[in-house]
Structures are given as C-alpha cells and as structure tokens.
Amino acid sequence: MPDFPAHASPAITPLEAPRPQYRDRTVSDLKLNHEDGNAPPPLISPAFTPPRTPSADTDQRHDRQPRSIPVAPPSEDEGQQPRLLQRLPNVWCEVRARIPTTTGQEMFLHLYHNDADDKEHLAIVFGPHIRSKSLDAPRPGETERDRMIRGAYVGTLFPGRTNSRVQQIRQDAGVASRPSASYLSALNVPEQTPPSAASQHSSDHSEATEIDSSYPLELGPPLVRIHSECYTGETVWSARCDCGEQLDEAARLMSLPAPTPASTPGSEVGEHQIPSAKLPSCGGVIIYLRQEGRGIGLKEKLKAYNLQDLGHDTMEANLLLRHPGDARSYGLATAMLLDLGLGGERGIKLLTNNPEKVRAVEGPNREIRVVERVPMIPLAWKTGGKMGVHGPEVERYLATKIEKFKHMLSG
Ligand SMILES: Nc1nc2c(ncn2[C@@H]2O[C@H](COP(=O)(O)OP(=O)(O)OP(=O)(O)O)[C@@H](O)[C@H]2O)c(=O)[nH]1
C-alpha cells in the first residue's frame, strides 16, 4: 500500500455512469453520411477549436454560389399550415453600426425593437444594398450628429464628418456631380433610386428617399437566413447541435463576392482603387431572432439537455417539460424583412432545411415570397468529417430533426 497523505481518499473505482440508451436512430443509421464506418475525429478542446468564423480561406470548394431549390407557391390543400400571426408586429430599427469582421468583410448590425415582445432582435446585413426604412426615416428634433450616432448615415463615418447624408460624401470625395454607381458601391453607398413600389413603407420625407436603396435586380433574390439564438452552439462550443456552424456558413455565403466586373480583385473605379477586402459582396441578411431553445429559453433548454442525457430526443424533452416541440413563430422576421425592403415580387432565397420556416416567414398575406430554398447541409457531411460539428449528440439531434421535425436535410 503506497503512502498517501492524510487527506487522500482511498482509491476507489470511479462510478461508471451507465450510458443512456437512446431509442432514436442516429444519422449514420439513416445512411445520410458520406463516410461509412469511419467516425470523424473528436473535437480537441473548445479552447483550441473555436467556432469557425466566415472566412474567405475556409474550404475553397464551397466558394461557389450556393445551390438553391425553387419553392412552389403555397397551395390551398397543403396539409400542415405553419403558425401564422393574424397581423404582423410593428418593428423599428433603433440603431445600426458597422462591424468589421475577422474575414475582412464588413457587416452592419441592426438592432430592432418591436411591439410584440421586449427582446432586441437583430438583423445582420451584408453588402451595401439593404437598408432599414425605419432607421433612415427622420426622427423629430434630431440633429445630423444624432442620426450618425444611431447609424442612419450613408457611406462611412470618419472623424470630423458632420452630415449623415449622401451630399456630404460627394463633397468629401470631390465629386461635383452625381458619382457613378460603382464608385458609390465602393464607398458602400447605395445608389440613389426613385421611390418604388418596394419602398412604399418608407417615409415620404426627402431625407428618407435620398438614401433609399434597392437591391440590384441582376443579383437575383437576396439571400436570407432566419436564425434562432443558440447560446450553447454559438458561444460555448456545444457539439450537441449545428447552430454555430449554420450561423458561420450563412455569413460566409453572404460575404462571397458578387459576380460583377467590379468584383475582380484589384479593380479600379475611376482613380479609386478598391481594396479587395471591400469588394462588393452579394450580400444578404441574417435575421437573428432571440428564440433561444426553439423559443423555450436557455433555462428550459438546459433542462431539456439533461432529459436528452436521460435518453430522450430533443422533441420528447421539450414535450416532457410541457413545451411545444417547437415554440417559435416568424412574424417578427417577416416584419423585419419588410422594413429592410425585401418584400415584393422578386422574393428571397431562404437558407434553411426547416419546411415550416419556409412558409411561416412569408407572413399572413405572403408579404414576403420565398422563391428559392438553399439547403444547409452539415459541414461534417460535406467534408467527410474533416470540418464541422460531429459526435454522437449532434448526430442524434440531426436524426430527430429529419425524422420528427421533417427537416429537408438530405438536400
Ligand atoms: N429546445 C431545444 N432547442 C434546441 C436544441 N438544440 C438547439 N436548439 C435550438 O434550436 C434552434 C435552432 O433550431 P434548429 O432546429 O437547429 O434549426 P431551424 O432553425 O429549425 O432550421 P434551419 O433553418 O434549417 O436551421 C435554436 O434556438 C437553438 O437554441 C435542443 O436540444 N432543445
């Protein structure tokens, strides 16, 4: 018997926790994985494998425009109808700010308030073409500085700037007449357009129309992701779900350069060299809804995780806690998209696997049209386990999404 110090406990065999018996099949059982048999390598440690940020240098094979699937308009006899609010909530963008990202691309974070809940929902806007009407509309008594502080400015802020409007940009650039579209685009300034049907919600004040924007027709329907908050998957490296990876992938796709001549690296617009990191991207919007845990909140989701460790799947766990399997609705997202000028005939391309989301985001009167769906295939499947979240928990989670939530994950 070795000499242990007095405080040492006698060596005992640690209690072997019985492994929970899961009744669900895993994704591997469903034969949807590209790899057969070879389990992907485990995550090393969250400290060394932070969630991926959208990056131009991540897997070049995926640097193409995303594959999308046309969405048929809804028919009367469709079986299960999504939960739709009778009327859309009122939403308004309180403030926005430019966020340079680790990839060199910039995005504008828009913070929204609404009259349906007291949460701060967000719109993460990529590219220069999408602007919030409620943000741009003038507010009583505000100064130009107030407008710049709340983000209702055109172009880029710089020390000493005194005016939020486009004329100021022209003067600073020494451009007497109306600058070219590509020059404005390089400055992140939307082109001035006459008020259109799509801008019918804007205020008719001259300031608002001056900075009205439109998403260029040649870019096709803008790419949109409606993303529900997931603290565990996006912040603390959880491998129980693929939420963090989905957020990264959406941002990456929206940062891909737009297929226009101006997007050629090193291209020049007049005398102005456009830095490649600032080349215009196709852009798009991630509507980030504070719907933690499919709407049940973090506390309840953590309880659900414990139930999952006791052998239940993600849907059963919600039901055992007396919550719906999915407690979300998408009226806020619809209203935010309208405020961002994405209503109307042209429609949007929605990045999702969730069939309910496709219909629900269209709103009670089809205010938004989802004309194409872009599937979100887990990165581990696309890369044969080299990248992305993998492990038994996420496999069970994905299997339940396919089997019980009817997610269209096989493409
Ligand atoms: N209640 C509960 N919520 C979860 C769990 N795992 C992730 N979530 C939440 O699920 C939401 C994301 O939903 P998903 O089902 O992954 O995806 P989706 O938004 O329905 O569909 P996609 O658009 O295809 O991603 C986020 O709010 C997460 O916090 C879980 O085990 N239990």
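Helices H7, H8 (298-309) and H9 (314-320) each supply at least two residues of the shell around the ligand. Helices (H or I, at least four residues) and strands (E, at least two) are DSSP runs, numbered from the N terminus. This is a predicted model: local features need pLDDT of at least 70, side-chain atom pairs count only at pLDDT 80 or more, and totals for chains, interfaces and linings use all residues. Residues are numbered from 1 along each chain as its sequence is written.

The shell holds 22 residues, and the closest are Ser228, Cys230, Thr352, Asn353 and Asn354. A shell residue has its C-beta atom, placed from the backbone, within 6 Å of the ligand.

| Class in the ligand shell | Count |
|---|---|
| Nonpolar (Ala, Val, Leu, Ile, Met, Phe, Trp, Tyr, Cys, Pro) | 6 residues |
| Polar (the others, Gly among them) | 10 residues |
| Charged (Asp, Glu, Lys, Arg) | 6 residues |

Now the sheet. It is open, has 8 strands with mixed pairing, and runs in the order S1-S10-S9-S5-S8-S4-S3-S2. Strands S1 (69-70) and S2 (91-100) are the edges, each pairing on one side only. Pairing takes at least two DSSP bridges between two strands. H7 packs on the sheet and touches S4, S5 (223-228), S8 (284-289) and S9 (348-351). Its direction makes about 160° with that of S5. Such angles run from 0 to 180 degrees between N-to-C directions, with axes fitted to C-alpha atoms, for helices over the stretch in contact.

S3 (residues 106-114) and S4 (residues 121-126) run antiparallel, joined by 6 bridges. Met107 stands opposite Phe126 in S4.

Ala123 is in contact with His110, Tyr112, Val285, Ile287, Met336 and Leu340, leaving aside neighbours within four places in sequence. Contact means C-beta atoms, placed from the backbone, within 7 Å.

Methods: Two residues are in contact if their C-beta atoms, placed from the backbone, lie within 7 Å.
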